[in-house]
2 protein chains.
Amino acid sequence: MAKGGRKTIRIGLLGCGNVGAALSSLLTDPVGQATLIERAGVSVELVAIGVNDLTKRRSDQSWFPSHLLTKDLVGIVAREDVDVIVELLGGIEPAGSLITAALESGKAVVSANKALLAERGVTLERLAESKAVDLAYEAAVAGAIPIIRTLRESLAGEEIYRVMGIVNGTTNFILSKMTAEGLAYDDAIEQAQRLGYAEHDPSADVEGYDAAAKAAILAGLAFDATIGLEQVHCEGITKLRSIDLAYASKMGYSVKLLAIAERRGDGASVRVHPAMLPLSHPLASVDEAMNAVFVEGAASGPIMLYGQGAGGMATASAVLGDLIDVARNQVAGTFRAPPRRHASLAAISMTDLVSEFYLSLDVADEPGVLAKVADVFGSHGVSIRSMEQSGLGDEARLVFLTHAALERDVAATMEALNGLREVDAIGGVIRVVGDEQGDR
Amino acid sequence: MAKGGRKTIRIGLLGCGNVGAALSSLLTDPVGQATLIERAGVSVELVAIGVNDLTKRRSDQSWFPSHLLTKDLVGIVAREDVDVIVELLGGIEPAGSLITAALESGKAVVSANKALLAERGVTLERLAESKAVDLAYEAAVAGAIPIIRTLRESLAGEEIYRVMGIVNGTTNFILSKMTAEGLAYDDAIEQAQRLGYAEHDPSADVEGYDAAAKAAILAGLAFDATIGLEQVHCEGITKLRSIDLAYASKMGYSVKLLAIAERRGDGASVRVHPAMLPLSHPLASVDEAMNAVFVEGAASGPIMLYGQGAGGMATASAVLGDLIDVARNQVAGTFRAPPRRHASLAAISMTDLVSEFYLSLDVADEPGVLAKVADVFGSHGVSIRSMEQSGLGDEARLVFLTHAALERDVAATMEALNGLREVDAIGGVIRVVGDEQGDR
């Protein structure tokens, strides 16, 4: 097992899509391999690649190790000469069982599987700790951005107030196009599909489910708590209209789909929804398919990490960073203990949340409408900060920004507005996110 | 030494200015200490604080451990019951000797000392490795921003093309004020001094020396090389005029003092100078005293880390992150091997560098001047990309952007321009930094 005086760490890879193929190339390209040994001080050897289809073309690169491909995934995990399993299958099963078996047999695991980690991460962490092996998953959230390591290590002693992230590149691309080019949602998604940023069935992205899994993982690390996926309130971007994004721009805001984990007292609000951010906020200018995570800590102040959230090479880069860390630990005979999940933070119900809101209403263009509408806001305790009216023939559009208000009061306001004869439609309803929230 | 089943790691602190006082509070505040044990899984105890002046007031907080203060710094390092030395003295000596003694005796060291690490970092790393103890210095560059850990760990397997950082908050504050409010350099620096962002003698900041030390540290980590401070070309911001910053804004650029480490072939260009960045670049909107570091890697793509680069609490947060890491390693009986410094990259001479340039000239407002000036550019092989002329009574100002040109050609151009009767003064000369540079 010795190679140039160093122990060689042997890798079994499960799954070989974009990320797996990129990683295989990084690990087997002779120049890259030499660099790795020299720079990172570890020697790693890819010994097997488990896939479901042996015939699929994986890479154009001449050094792609086709001879390592096998359909026997269980066999790879069982191999005694494999030190580390890299799981890039995605989905809950068979990934969950394979990782469990790997950890059980004392193998370290590197995974990029957000869905599995959001659902079973804490159980897998406990298993890893009991076996004294590493479980690393930097690539599960925001691709190449080192947010997991930052939360686990750099900020291990930090009291974190809030984490807010643009963690889904597909929706950020769509919102950027709707904002910059005034595209309708349907046209923007079609463009995203054409360019390979969106799947044929984009629902996991546009409904916010992908971001919700990442929110659960980030919240768990930020607050050292067990945060279940069922604690994450999830709203996607399918109801957003480009006209509302245009109003938001005009008012000095940018609309982003945010994954938010916010501590309030003994509880936490973990949620995914479109949000209006002041243009001066560092997240506001994160455009196209880029990702970024903004962390607010008591001592550290604000920290933002920005980079590519997806893509084969960028995600493989994060996997490789983990792999080197795990390999170094194996050579040193140690492992990184997972965070103590000391608390099950109570989920703060969405109806108890306080936010400022953007609201747009299509109304009949006749005298007295604004008075009636304003009365509905007032009688539900929702205070209006600003209002703008624009004419649309025999209709008018009223655009409101509210002061901070309870979700349930805003919901009741909207229900009452819907019942007004003069209100033809409630257009956009978007929460405004600023610097004022969370426990300080 | 056991406390609740865990080993307690005992800390000796050297230096107690803003950062030291903040760290002392974080470590001894009872709530913070309990959180630390629970969250990070380590118990750390501050056992001594070495200072030069016992009478100075350090903190307003009731739990500040005044009883730990001592003037015997050498004694703290020699104490057998101290596991980790935190060095916050700054400067080369006595910090260097104290850290050396600490490492010699097998103590781990956490330091925030950029000057010392730029000058003797590699020697100290070798000593730490030979003693199998940690030497951590996240706080030495860009305060709360986790750039050291990101380069050492997350990007350990990455081929890094270029690192560019806004790593000096004082100069970024001054440039922001000059840009946003049109302040003259002298007025901006006075404001920075009044607000506590600049020292009474600001030369370490405004001449770029502080940034140069950080550039050397970043370059060393990015390229796993020994980069000496003498390899860093250093220009400050003292010659910048707000009129040139205003022209830059109008042309779609932002002017920042950048620390740049760029690989070219077998060499590296490591330098600090003012640079014009396109407004679309993520670094361009990093304003006021904030810091940010932009890393470009082969697989990872662009990554940016943003946050507070200075301030007692923010810097203490970075020290605390290191301290927890070191303490965890001590409990596990391991340490993190420093990067292999496998190469002494040849410094690329500044005169061999290729950049686009911004140049402004005050010239006599008479016919034929532009032709003469253009002829000087052309005869030195410097190609003009765009020119703008504005009248100033009997003078005119010519503002040029060049295509990529050799530094030495631009220098020769300026010398020749200086010799022209029609040129009254050469105003700003600023390099344009874009996406096109470095080895790809």
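Biologist: Which residue in the turn of the hairpin formed by E10(B) and E11(B) has a positive phi?

Modeller: The hairpin leaves two residues between its strands. This model is predicted: local features need pLDDT of at least 70, side-chain atom pairs count only at pLDDT 80 or more, and totals for chains, interfaces and linings use all residues. With a phi of about 60°, the residue is B:Gly265.

Biologist: Over how many bridges do E10(B) and E11(B) pair?

Modeller: Residues are numbered from 1 along each chain as its sequence is written, while chains are lettered from A and ligands numbered from 1 in the order in which they are written. Strands (DSSP runs of E, at least two residues; helices are runs of H or I, at least four; both numbered from the N terminus) pair if DSSP finds at least two bridges between them. One bridge joins B:Arg264 to B:Gly267. The antiparallel pairing of E10(B) (residues 253–264) with E11(B) has a bridge count of twelve.

Biologist: Which residue of E11(B) is the bridge partner of B:His233?

Modeller: Strand E9 of chain B (residues 232–234) pairs with E11(B) in the parallel sense, over three bridges. The partner of B:His233 is B:Arg271.

Biologist: And which residue of E19(B) is the bridge partner of B:Met276?

Modeller: E11(B) also pairs in the parallel sense with E14(B) (residues 346–347), over two bridges. There, B:Ala268 is matched with B:Ala347. With E19(B) (residues 423–432), E11(B) again makes two parallel bridges, and the partner of B:Met276 is B:Val432.

Biologist: How many of the twelve residues of E11(B) are buried?

Modeller: Count C-beta atoms, placed from the backbone: a residue with 20 or more others within 10 Å of its own is buried, one with 12 or fewer is exposed, and one in between is partly exposed. By that test, E11(B) (residues 267–278) is mostly covered, and its buried residues number ten.

Biologist: Which residues touch the most other members of the largest nonpolar core?

Modeller: A nonpolar core is a set of buried Ala, Val, Leu, Ile, Met, Phe, Trp, Tyr and Cys residues joined through C-beta atoms within 7 Å. Beyond its neighbours within four places in sequence, A:Ala215 is in contact (C-beta atoms, placed from the backbone, within 7 Å) with residues including A:Val232, A:Ala259 and A:Val270. In this core of 303 residues, the answer is A:Ala215 and B:Ala215.

Biologist: By what turn can chain A be laid on chain B?

Modeller: The copies are superposed by least squares on C-alpha atoms of residues with pLDDT of at least 70 in both. The fit has an RMSD of 0.0 Å, the shift along the axis is 0.0 Å, and the turn is 180°. The two copies are thus related as by a two-fold rotation axis, after a turn of 180°.

Biologist: Which residue of chain A comes closest to the rotation axis?

Modeller: Use the C-alpha atom for the distance. At 2.3 Å, the residue is A:Leu305.

Biologist: Which element gives the most to the side of chain A that touches chain B?

Modeller: Each chain puts 47 residues into the contact. Elements giving two or more on the chain A side include H2 (30–40) and E13 (301–308). E13(A) runs antiparallel to E13(B), joined by five bridges. With nine residues, the top contributor is H12(A).

Biologist: How far apart are the centres of domain 1 and domain 2 of chain A?

Modeller: An automatic or database assignment sets the domain bounds. Domain 1 covers 2–143 + 312–332, and domain 2 covers 153–306. Their contact takes eleven residues from domain 1 and twelve from domain 2. Taken over C-alpha atoms, the separation of the centres is 28 Å.

Methods: Contact = placed C-beta atoms within 7 Å.
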